[in-house]
Amino acid sequence: MSKISVIGAGNVGATAVYYIAEKNLGDIVMIDVVQGLPQSKGLDFLHAAPLREYRVHIYGTNGYDEIRGSDAVVLTAGIARKPGMDRMDLLRTNAGIAREAAKAVKEYAPDAVIVVVTNPLDVIAMAVLRETGFDPSRVLGMAGVLDATRYCTFIAETLDVWPGDVSAMVLGGHGDAMVPLKRFASVGGIPLGELLDEKTTERLIERTRSGGAEIVGYLKTGSAFYAPAASVAAMVEAIVKDRKTLLPAAAFLRGEYGFSGIFLGVPVILGKGGVERILELELTGDEREALARSARAVRQGIRELDSL
Ligand SMILES: NC(=O)c1ccc[n+]([C@@H]2O[C@H](COP(=O)([O-])OP(=O)(O)OC[C@H]3O[C@@H](n4cnc5c(N)ncnc54)[C@H](O)[C@@H]3O)[C@@H](O)[C@H]2O)c1
């Protein structure tokens, strides 16, 4: 049985635990700094097992030592974005939390693959990579799966088709900086361009880009968590089942797409070893320029991280 630890038992973390349990992916440890919170949620999840037919153990704790021997660790601890707050505003607090968690992973789960969710994603992933000293293949960030699932949902709604038949690839940084690849979206293998006109596609891309902000606008005191948690569960499944799934993830680049030393959303093959391969697609001039803009934003974040 695999062991999965989820750090941060808030909205994204707890919902991810729920989806991971429902898929019977492995025993789960949930960690949070708030006394009693992970314990209560862990027990509550466990009580639902007979009805929801999962057969995994779920345990909530405040102690990092419980992550010992984890195969996958999901980092969601941090503060969420509030309305009007830029992702970079979160950096100071969340980098401190991420470093503390990374130190614990290094000590107790030195073979784990770490999926970073905490924002600003691409920069926090860098802080985690530095703190753990792990091989970069074992540190990655969740963002592209979320952007892609939002894009697929809007496409499915517009065309009135089964959402699972829609597939899309999104590169670059998260949200505002994402780079959707129009050429690589399809429904049942049919390129999107055959099914939707350019103007409609642009509208869906714009809605995807601001998908997170749209939810923050409604929620006011927090950010999206159901779709982010589902994205986490998909990534954890690829890792613990060694599925070799092709999906977009923030991966550490060493020359791919012309960038080095930063995390950027790219298509990867995800398996037991983490990022087992990065796929390099031939990009158009516009796509390359959009990716370069995204990379500049990430580099700016890293400069801010360095200045903390
Ligand atoms: N990458 C993405 O696509 C994406 C999507 C959604 C949310 N996020 C980010 O995920 C993070 C969590 O979002 P949320 O909605 O779950 O927030 P939340 O506030 O509901 O949960 C965060 C949890 O982290 C805990 N925490 C704080 N410091 C901790 C520490 N030192 N150790 C352990 N736990 C600690 C808090 O007590 C809280 O329970 C935020 O940074 C948010 O911006 C990223």
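Me: In this predicted model, which residues of helix 6 meet helix 9, and which residues of helix 9 do they meet?

Reply: On the helix 6 side the contact is made by V145, L146 and T149, and these meet A227, P228, S231 and M235 in helix 9. By residue class, the contact of helix 6 with helix 9 divides into five nonpolar and two polar residues, with no charged ones.

Me: How should I read the geometry of this pair, and at what angle do the axes of helix 6 and helix 9 cross?

Reply: The axes of the two helices come within 9 Å and cross at roughly 120 degrees. Angles of 65 to 115 degrees would count as roughly perpendicular and those over 145 as roughly antiparallel, so helix 6 is described as oblique to helix 9. The crossing in which helix 6 passes helix 9 is right-handed.

Me: Turning to empty space, how is a pocket found, and what volume has the second largest pocket?

Reply: The general idea is that rolling a probe the size of a water molecule over the atoms shows where empty space is left. Here the second largest pocket has a volume of about 460 Å³, and the elements giving two or more residues to its lining are helix 6 (144–159), helix 9 (226–240) and strand 12 (245–254).

Me: Which element gives the largest share of that lining, and which residues lie nearest the centre of the pocket?

Reply: Helix 9 gives the largest share, eight residues. The lining has 21 residues, of which V145, T149, A230, A234 and L247 lie nearest the centre of the pocket, and the lining as a whole divides into 14 nonpolar, four polar and three charged residues. V145 and T149 of helix 6 also take part in the contact with helix 9.

Key. Residues are numbered from 1 along each chain as its sequence is written. This is a predicted model: local features need pLDDT of at least 70, side-chain atom pairs count only at pLDDT 80 or more; totals for chains, interfaces and linings use all residues. Side-chain values use heavy atoms; hydrogens and water are left out. On a 1 Å grid over the protein atoms alone, a cavity is a set of points where a 1.4 Å probe fits but cannot get out, and a pocket is an open set with protein on both sides within 12 Å along at least five of seven lines; lining residues have an atom within 4 Å of a point. Grid points are joined across faces, edges and corners, and a volume is the space filled by probe spheres set on the points. Helices (H or I, at least four residues) and strands (E, at least two) are DSSP runs, numbered from the N terminus. Ala, Val, Leu, Ile, Met, Phe, Trp, Tyr, Cys and Pro count as nonpolar, Asp, Glu, Lys and Arg as charged, and the others, Gly among them, as polar. Axes are lines fitted to C-alpha atoms, for helices over the stretch in contact, and angles run from 0 to 180 degrees between N-to-C directions. Angles under 35 degrees count as roughly parallel, over 145 as roughly antiparallel, 65 to 115 as roughly perpendicular and the rest as oblique. A crossing is left-handed if the near helix is turned anticlockwise from the far one by less than a right angle, and right-handed if clockwise. Contact means heavy atoms within 4.5 Å.
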